[in-house]
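Thanks for coming, everyone. Today I would like to walk you through one structure, and I will take it slowly, so please have the picture open as I talk.

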There are 2 protein chains.
Amino acid sequence: MTSPGEQAACGEILHRHGLKNTPARRQVLRLLREGGVLTADDIGERLRDEGRTPDPSTLYRILDLFTARGLAERHYLPDLRKYGFSLKAAGHRHRLICVRCRRVVEIDRCPLEAFEKELRETTRFAITGHNLEWYGLCPDCQAAEARRAESPPDKSGPDGKAQ
Amino acid sequence: MTSPGEQAACGEILHRHGLKNTPARRQVLRLLREGGVLTADDIGERLRDEGRTPDPSTLYRILDLFTARGLAERHYLPDLRKYGFSLKAAGHRHRLICVRCRRVVEIDRCPLEAFEKELRETTRFAITGHNLEWYGLCPDCQAAEARRAESPPDKSGPDGKAQ
DNA sequence: TCTCTAAATGCAACTCGTTTGCATCTATTT
DNA sequence: AAATAGATGCAAACGAGTTGCATTTAGAGA
């Protein structure tokens, strides 16, 4: 799963960002590079599956560091009540997230620029940023949802998919 | 501060929503009616200033109830890492929030409808909702900010700004 | 008006994501 | 290879929010 090439690539990226090249950091970076949005917990779980036993505090420290250095970005996932982290890719400012399987579609066009300019003018606010995410069900999960429609009535509410 | 008229109005609103008219609920509703976005903590603090000693669990229960009944709505405030509550006003789906003084400008027009339709078609997602808020400094806070520009450098770091 | 009961409240203990202090270990520099 | 800045693991703490339970109370009914 972890090719030597990938390992080297991660090490190199860390160096380029002036960060020590440690095993934990390489692993976290590698997982993030697979794409998508991961919570600290997701990362811990995946590493545990690989036989590693990372401490949550270490993961948070690494993720905070990546975020501070502009390597990753963090955004709150209201459905899960925790933070998700993803590699920061220029131009990808917004996401469409499947609330079930967490699949992510990157939206590289921001439909708000014109509107925001107008807002700036009408309100005289110095707008520092905005927060925009879409939530929904991806096609696969819609199918799965339909299939389970007749099955056991679920108690946990339809939000489902905590992890 | 709390006019009898206001009290009565709150009681009446509670009744209209099929909710018991208790002192705690009237107080919470009254504060929400003053406008803006309040955290459970904000509400507790204000009530404490008035000599009341509300229990946090009660406040949360009331706010959850208001939210469930469609009287209020809840949204996460990334800067504060907690939930804010506000009265739900039809048509007011988005907000521009001053990160300093918490002043709120309601945005009654959603610039995303057309874009979202397009998104639905291109991704085949069943979009269930979106999350959109703007953050910035209101004119007053910009002035205050400029004034304190030379004053003590702040320790808390302006990193902030989720997006 | 008084009584009854479902529901609201207060309290304390708890959950869980995240953070912090500290001792130990390790990647990088010399 | 030795030195050292800083990375890690561990355990304890933090804070927003939640829950169980005993007590109180709003509102319905007699």
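In this predicted model, DNA strand C is surrounded by 20 residues, and the closest of them come from both chains: A:Tyr60 and A:Tyr83 on one side of the list, with B:Thr22, B:Arg25 and B:Thr58 on the other. If we ask how the residues of this surface divide by character, we find 10 charged, 6 polar and 4 nonpolar.

Which helices and strands supply at least two residues each to the surface near DNA strand C? From chain A they are helix 4, residues 56–68, and strand 2, residues 82–87, while from chain B they are helix 2, residues 23–33, and helix 4, residues 56–68.

Let us turn to which parts of the DNA are involved. Of the atoms of DNA strand C that lie within 4 Å of the protein, 67% belong to sugar or phosphate, and the rest belong to bases. On the phosphate side, an N or O atom in the side chain of B:Thr22 is 2.6 Å from a phosphate oxygen, and B:Thr58 likewise has a side-chain N or O atom 2.9 Å from a phosphate oxygen of the strand. For the bases, a polar side-chain atom of A:Arg61 lies 3.5 Å from a base oxygen.

Finally, a word on the aromatic rings. Searching the whole structure gives 0 aromatic pairs over all chains. What sits over the ring of A:Tyr83? It is the charged end of A:Arg74, 3.9 Å from the ring centre, and in chain B we find B:Arg74 over the face of B:Tyr83, at 3.8 Å from the centre of that ring.

Terms used
Residues are numbered from 1 along each chain as its sequence is written. Chains are lettered from A and ligands numbered from 1 in the order in which they are written. This is a predicted model: local features need pLDDT of at least 70, side-chain atom pairs count only at pLDDT 80 or more; totals for chains, interfaces and linings use all residues. Side-chain values use heavy atoms; hydrogens and water are left out. A residue is near a molecule or strand if one of its heavy atoms lies within 4 Å of it. A polar contact is a pair of N or O atoms within 3.5 Å; within protein, one must be able to donate a hydrogen and the other to accept it, and residues adjacent in sequence count only if both atoms are side-chain atoms. Helices (H or I, at least four residues) and strands (E, at least two) are DSSP runs, numbered from the N terminus. Ala, Val, Leu, Ile, Met, Phe, Trp, Tyr, Cys and Pro count as nonpolar, Asp, Glu, Lys and Arg as charged, and the others, Gly among them, as polar. Rings of Phe, Tyr and Trp (its six-membered ring) pair if their centres lie within 6.5 Å; planes under 30 degrees apart count as stacked, over 60 as edge-to-face and the rest as tilted. A charge sits over a ring if NZ of Lys or CZ of Arg is within 6 Å of the ring centre and within 35 degrees of the ring normal.
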